Amino acid sequence: MFEFQKITVDSKEVEEKLKGTTLRMPSIAKKMMHAANRIVKKQAVANARSLYTKRNSKPDGRSFLRIGAFKDTASKTQDFTSFVSSRRFYTRFLEKGAEIKPRKGRYLHFKINGEWKTVSSVTIPAKPFLGPAVTAVWESEQSLQAMNTELQRQLTLYWQKQGA
């Protein structure tokens with residue numbers, strides 16, 4: 001129902017760094033992917049803000065999409081897959097575009113700026129913001145840098161707890 005992007009990470013390098021520790025690969029991989037996906041969510045919000053003008057914003061000037069509008073989840077399986085999705089139902093139509101046709105009758109009736117309009121259908125053009133954000137972050141060094149930083153942070157925390 002909601003728009004999402006799937007990301008898969010190769011875990012062999014991380015498993016090498018975790019040798020000799022009691023840290024578990026699934027929990028570390030999940031934290032690393034969340035770190036990279038935080039950048040994806042920020043980029044998606046920036047993309048949405050650049051595509052949609054103030055006219056499409058809420059009355060108080062805030063954008064209709066904020067970082068809280070996105071969530072990222074990690075797969076429960078061993079393939080270390082992550083999903084970035086939107087919590088808003090309508091973002092699927094903004095991302096992919098849509099054609100709205102009447103359910104009953106031959107026409108759609110709606111009011112714009114105090115004037116009633118009657119049309120047979122409405123086409124919403126595709127203005128992708130989530131897909132390009134995933135591509136930009138995961139195909140660049142940003143994702144690797146974020147995941148390496150998180151891995152180092154987790155290893156540092158581990159060794160501090162071990163008293164080293």
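This note goes through the nonpolar core, a buried glutamate and helix H5 in what is a predicted model.

1. The largest nonpolar core has 25 residues, and those touching the most other members are Leu18, Val40, Phe70, Phe129, Leu130, Trp138 and Leu151. At least two residues of this core come from each of helix H2 (25–51), helix H4 (130–138) and helix H5 (141–162), with H2 giving the most, nine residues.

2. Glu95, which lies in helix H3 (residues 91–96), deserves a separate look, since this residue is buried yet has no salt bridge. The nearest side chain of opposite charge belongs to Lys96 and is 5.8 Å away, whereas a salt bridge is counted only within 4 Å. The side chain of Glu95 does, however, reach two backbone nitrogens, that of Phe129 at 3.0 Å and that of Leu130 at 2.9 Å.

3. Helix H5 has 22 residues and reaches 31 Å from its first C-alpha to its last, which is close to the 32 Å expected at 1.5 Å a residue. The buried residues in H5 are Ser143, Ala146, Met147, Glu150, Leu151, Gln154, Leu155 and Tyr158; seen down the helix axis, the buried residues of H5 fall within an arc of 165 degrees, so they line one face of the helix. On the other side of H5, Glu141, Gln145, Thr149 and Gln160 are exposed.

4. As for the two ends of H5, a side-chain oxygen of Ser140 reaches to within 3.2 Å of the backbone nitrogen of Gln142 at the start of the helix, and H5 is followed by Gly163, whose phi is positive, near 85 degrees.

Conventions. Residues are numbered from 1 along each chain as its sequence is written. This is a predicted model: local features need pLDDT of at least 70, side-chain atom pairs count only at pLDDT 80 or more; totals for chains, interfaces and linings use all residues. Side-chain values use heavy atoms; hydrogens and water are left out. A nonpolar core is a set of buried Ala, Val, Leu, Ile, Met, Phe, Trp, Tyr and Cys residues joined through side-chain atoms within 4.5 Å. Buried means under 20% relative accessible area, exposed over 50%, partly exposed in between (1.4 Å probe, protein chains only). Helices (H or I, at least four residues) and strands (E, at least two) are DSSP runs, numbered from the N terminus. Lys and Arg count as positive and Asp and Glu as negative; His and the chain ends are not counted. A polar contact is a pair of N or O atoms within 3.5 Å; within protein, one must be able to donate a hydrogen and the other to accept it, and residues adjacent in sequence count only if both atoms are side-chain atoms. The expected span of a helix is 1.5 Å times one less than its number of residues. The arc is that of the directions from the helix axis to the C-beta atoms.
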